[in-house]
Each structure stands twice: as structure tokens, then as C-alpha cells.
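Me: I'm new to reading protein models, and I'd like a close look at one part of this one. Could you walk me through the charged side chains that pair up, and then what lies around them?

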Amino acid sequence: MLYRLIQYKDLLAIFIWREFLIRYKQTIIGVLWAVIQPFSMMLLFVFVFGIVLKVDTGDIPKPLFYFAGLIPWTFFSSSVSVSITSLTEHRDLITKIYFPRELIIFSRILVFMTDFFISMVLFFIFLFFYGKNLTSSALWAVPIVLLMLIFTAALSLILGMINVYYRDVKLASGFLLRLWFFATPVFYSIDQLHLKYKLILFLNPLTYLVENFRRVLIEGRGIVLWQFGIESVFILFLFWLSYTVFMKFERSFADVI
């Protein structure tokens with residue numbers, strides 16, 4: 001994969017720049033839209049879950065708690081949603097010339113990763129506002145974000161590939177992502193749940209990623225190494241499997257797309 005990316009690095013850069021321009025061309029506030037979506041959802045969550053339903057967030061201020069969950073979730077859901085149709089939307093290009101098809105999917109994910117880092121700037125401002133000091137444990141956010149990126153890429157590759165053959169994936173994706181949202185601790189903490197429910201939720205890799213994203217950045221606590229090891233092995237294996245299957249079928253995309 002690395003060899004292919006290096007060999008076609010210029011094309012990947014063109015795809016990324018093109019996706020970026022398409023998203024923000026003829027917009028008034030440009031990249032600030034990357035902040036508006038999670039910020040507006042955070043305000044809604046504070047009202048619905050914090051004020052109306054009074055969901056307990058422990059010692060973490062509610063805006064900070066919800067925003068820390070929405071940033072990774074927004075990146076994941078947005079990336080997967082647009083990646084599903086990325087191959088079929090480039091039908092004319094795929095049927096004319098050969099290039100590594102994963103470049104299309106990777107370019108869209110990397111554009112949303114840019115949005116993620118822009119949102120993180122506002123998140124750090126929130127940390128300062130609420131008097132939360134970063135500790136050395138915050139360095140664990142780097143491998144956590146990297147795992148989130150790899151997991152998102154793995155899922156995007158396999159779903160984008162399947163959508164080439166079965167367009168039902170796009171039709172079902174909205175419903176499935178909504179279910180996935182409630183199975184991810186974005187607006188609640190698993191600390192309040194019974195052990196058996198925790199074990200079920202941890203079948204979802206995003207549960208580990210979102211919980212520990214809050215843990216290392218807001219609470220200043222380290223991670224449990226054996227849990228990190230298990231999640232890392234699972235996510236890396238999933239990516240290897242997804243990429244292997246994607247490579248096996250990519251030559252036939254032009255014939256069926």
C-alpha cells in the first residue's frame with residue numbers, strides 16, 4: 001500500500017485538493033463549517049441531554065464532555081458516509097484510466113481529517129476556558145487518533161467496494177450510522193453502565209476510541225495498555241483484511257460500476 005501511495009502521491013494530492021475545493025468553493029465562511037457542525041450539535045446535546053434529560057457527565061463540564069465525543073464521531077460518520085459513494089461517483093474516471101482506486105477514498109477521508117484538526121483547535125480553547133490542564137497522558141491522543149483514522153479507512157474501503165456491486169449499502173448507510181451513533185458513548189459515559197453492557201459496547205471499536213479520547217485529554221489519565229493492545233491488533237487486522245479484499249476486486253470495478 002505504501003509503495004502505491006508513494007508512486008501516485010501527486011495524484012493523491014490532486015484528489016485531496018479537488019475534494020477540499022469542492023467542499024468549500026463559493027462558501028462565505030469556508031473551513032469554519034468544520035467547526036459549526038460539532039459545535040452546534042454540542043449546544044443541542046447540552047440542552048437535550050444536559051438540561052432536559054439531566055444525563056450525568058461526572059466532573060466533566062457538559063459542553064466539554066459532549067464536544068469531546070462529537071469531534072471523533074463527526075469525523076468517522078462523515079468520512080464513512082461520503083466514502084461509500086466515492087467510487088460510483090467517479091464512474092467516468094474509473095472506466096477510462098487505471099490508478100489505485102483507494103486514492104479516491106483516502107482523499108475524502110484526509111479532507112475530513114483536516115476538519116478534525118480544525119475542530120481540535122476549538123476543543124483546546126474549551127479546555128483552557130474550563131481550566132483543564134493537559135498532562136503527559138495527552139500524548140496518547142496521537143495513537144488513539146491514528147487508530148481512529150485506520151479504522152475509518154478500513155470500513156470506508158470495504159463499504160465503498162461493496163457499494164460498487166450492491167447499491168443497497170448507500171441506502172442502508174444512514175440508518176446503520178444512526179444505530180452506530182447510539183452504540184457509541186458520544187452523549188453518555190460507559191462508566192455509568194453495568195459491566196455486561198460495557199462488554200457489549202466494547203465490541204464497537206469506537207467505544208474504546210471515544211472513551212479514551214476523553215480520558216487522556218480531559219481527565220488526564222493514561223490508558224490501559226492491554227486494552228490498547230487488543231484494539232490495535234483488531235483494527236490493524238481489519239484494515240489489512242479490508243485492503244486485501246479491496247485489492248482483489250479493484251480490477252473489476254470498471255466492468256461493473
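Reply: Happy to help; here is a walk through a small group of charged residues, followed by a look at the nonpolar core. Keep in mind that this is a predicted model.

Let's start with the group itself. Arg18, Glu19, Glu89 and Arg108 are joined in a network of salt bridges. As background, side chains of opposite charge can pair when their charged atoms come close. In the whole model, the count of salt bridges comes to 7.

Take Glu19 as your starting point. Its side chain meets that of Arg18 in a salt bridge, with 3.6 Å from N to O. Are these two residues buried or partly exposed? Glu19 counts as buried because its relative accessibility is 9%, and buried means under 20%. Arg18, with a relative accessible area of 38%, is partly exposed.

Glu19 also forms a salt bridge with Arg108, where the closest N and O atoms are 3.3 Å apart. This pair links distant parts of the chain: Glu19 sits in helix 2 (residues 9-24) and Arg108 in helix 7 (residues 102-129), 89 residues apart.

Now move on to Arg108. At 10% relative accessibility, Arg108 counts as buried too. Its side chain meets that of Glu89 in another salt bridge, at 2.7 Å from N to O. Here again distant parts of the chain are linked, since Glu89 belongs to helix 5 (residues 86-89) and Arg108 to helix 7, 19 residues apart.

What about the nonpolar residues? In soluble globular proteins, nonpolar side chains tend to be buried together. The largest nonpolar core of this model has 76 residues, and those with the most contacts inside it are Tyr66, Leu87, Phe116 and Phe123. Among the elements that give two or more residues to this core are helix 2, helix 4 and helix 7.

Phe116 is a good residue to click on. Leaving aside its neighbours within four places in sequence, Phe116 is in contact with Ile71, Pro72, Phe75, Val145, Met148 and Phe213.

Finally, look at helix 4, which covers residues 62-84. Helix 4 is mostly covered, with 20 of its 23 residues buried. You can check its length as well: at 1.5 Å a residue, the 23 residues should span 33 Å, and the end C-alpha atoms are 33 Å apart, so the two values agree.

Note on methods: Residues numbered from 1 in each chain as written. Predicted model: local features only at pLDDT ≥ 70, side-chain atom pairs only at ≥ 80, totals over all residues. Heavy atoms only, no water. Helix = DSSP H or I, 4+ residues; strand = E, 2+ residues; numbered from the N terminus. Expected span 1.5 Å × (residues − 1). Buried < 20%, exposed > 50% of the residue type's maximum accessible area, 1.4 Å probe, protein only. Salt bridge = Lys/Arg side-chain N within 4 Å of Asp/Glu carboxyl O. Core = buried A, V, L, I, M, F, W, Y, C linked by side-chain atoms within 4.5 Å. Contact = heavy atoms within 4.5 Å.
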